[in-house]
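Subject: Structure handover and notes

Dear colleague,

Here is the structure I said I would pass on. My notes on what was found in it follow below.

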Amino acid sequence: MPLPAEFHEIAKRVNNWGRWGAADEIGTLNLITDEVVREAADTIRTGHRVPLAIPLRQDGIQTGMIPGRVNPLHTMVAVNMEMFGPDTVATSDDAVTMGLQAGTHWDGLPHASHSGRIYNGRPADSITAHTRAAFSGIEKARHVVSRGVLLDVARARGADRLPEGHPITPEDLDAAEELAGVKVRCGDIALIRTGQIQHCLAGEKEAYAFPSPGLSIRTPEWFHTRDVAAVANDTLTFEVFPPEIEDLWMPVHALDLVEMGMMQGQNWNLEELAAVCAEEGRSAFLLSATPEPFTGGTGSPVAPVAIL
């Protein structure tokens with residue numbers, strides 16, 4: 001099914017191609033300037049650190065729904081090996097095979113394409129099995145550190161977890177922003193809490209994956225208006241799933257990654273952060289969330305930390 005006119009109209013309104021030059025490969029990360037980072041550092045009051053990643057393990061969250069996105073296969077390749085002879089110092093080494101987007105991760109800009117194009121108008125066939133992503137590979141996101149803002153949509157709606165299949169709207173984001181008592185501003189990284197990760201933490205992998213609340217096709221314009229640098233949430237699919245428009249699959253991915261050049265994160269555990277923010281009456285913090293720099297990667301694991 002061709003992408004509908006509604007999609008193309010939104011795409012025109014949020015498009016950032018050429019905004020930072022024809023050679024640009026990092027999109028909205030350009031909005032994280034030195035000044036933005038200095039101001040983000042000023043949000044630190046106590047030094048309390050909250051980890052936001054789920055553990056990487058062989059019985060992880062992947063169910064096979066997404067072909068090839070395998071949970072980590074972690075093996076020991078050396079166990080107390082005395083490499084330099086008997087009674088010398090021994091070392092242990094391990095290796096892992098996994099989908100780069102199997103756990104808490106960032107989607108890189110080439111992760112999605114539409115109409116034969118990726119971000120900044122480059123051809124989608126620049127991604128190949130041999131060269132991987134020739135443009136905008138995840139290694140280009142060299143330092144993702146900015147002010148993070150928690151938008152607790154579930155709490156703003158008076159719930160611990162959003163209903164299955166709830167499409168998060170701009171109005172939901174406005175309500176969460178009001179609850180947070182802080183305005184999302186240029187260069188911020190927005191963290192959207194739905195509570196869906198609770199299923200994952202309880203070992204309910206199928207319930208976590210589908211159906212799921214997530215971002216509506218209307219939200220990219222909200223992020224574009226505020227010049228948000230990146231967005232992450234606590235779901236497997238990021239956007240509402242199944243889709244709100246019949247047979248229009250993954251439109252938010254295409255609008256965020258392809259049109260805006262805005263990285264998006266999935267499977268972030270925001271439960272502890274939400275509790276700390278509610279207790280302290282604050283929602284802004286320094287966020288450190290640089291992806292592992294896999295050259296040519298279309299995504300990458302990340303172990304984000306919020307510093308309050």
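Among contacts in the protein chain between residues at least 6 apart in sequence, those joining residues at least 24 apart make up 76%. Please keep in mind that this is a predicted model. The protein chain contains 9 helices and 15 strands. Its C-alpha atoms fill a box of roughly 70 × 50 × 40 Å along the principal axes. The radius of gyration is 20 Å, which agrees with the value near 19 Å that a compact globule of 308 residues would have. Of these 308 residues, 51% count as buried.

Helices α1 and α7

Two packed helices are described by the angle between their axes and the distance between the axes. For helix α1 (residues 5–14) and helix α7 (residues 219–226), the axes come within 10 Å and cross at roughly 10 degrees. Angles under 35 degrees count as roughly parallel, so α1 is roughly parallel to α7. On the α1 side the contact is made by I10, R13 and V14, and on the α7 side by P220, E221 and H224. Sorted by class, this contact has 3 nonpolar, 1 polar and 2 charged residues.

Which residues of α1 are buried? They are F7, I10, A11 and V14. Around the axis they cover an arc of only 105 degrees, and therefore they sit on the same side of α1. The elements that cover these buried residues include α7 and also α8 (251–260). Of the buried residues, I10 and V14 are among those that make the contact with α7.

Backbone points to check

Most residues other than glycine have a negative phi, and most peptide bonds are trans. The following places depart from that pattern.

- F210 and P211 are joined by a cis peptide bond, with omega at about -10 degrees. P211 is located in the loop between α6 (205–209) and β10 (214–215).
- F241 and P242 are also joined by a cis peptide bond, here with omega at about 5 degrees. The loop between β11 (230–233) and α8 holds P242.
- N80 is not a glycine, yet its phi is positive, at about 50 degrees. This residue belongs to strand β2 (residues 73–81). Because its relative accessibility is 57%, N80 counts as exposed.
- M250, likewise a residue other than glycine, has a positive phi near 60 degrees. M250 is in the loop between β11 and α8. With a relative accessibility of 32%, M250 counts as partly exposed.

The loop between β11 and α8 therefore appears twice in this list, with P242 and with M250.

A buried loop residue

Is S136 buried or exposed? S136 is buried, since its relative accessible area is 3% and the cut-off for buried is under 20%. The residue is placed in the loop between β6 (132–133) and β7 (145–152). What does S136 contact, leaving aside its neighbours within four places in sequence? The residues in contact with S136 are E25, L109, P110, Y119 and R122.

If you open the model, the contact of α1 with α7 and the surroundings of S136 could be viewed first, followed by the two cis peptide bonds, at F210 and P211 and at F241 and P242.

Best regards

Definitions and conventions
Residues numbered from 1 in each chain as written. Predicted model: local features only at pLDDT ≥ 70, side-chain atom pairs only at ≥ 80, totals over all residues. Heavy atoms only, no water. Axes fitted to C-alpha atoms, helices over the stretch in contact; angles between N-to-C directions. Helix = DSSP H or I, 4+ residues; strand = E, 2+ residues; numbered from the N terminus. Parallel < 35°, antiparallel > 145°, perpendicular 65-115°, else oblique. Contact = heavy atoms within 4.5 Å. Nonpolar A, V, L, I, M, F, W, Y, C, P; charged D, E, K, R; others polar. Buried < 20%, exposed > 50% of the residue type's maximum accessible area, 1.4 Å probe, protein only. Arc of directions from axis to C-beta. Rg over C-alpha atoms; globule rule 2.2 N^0.38 Å.
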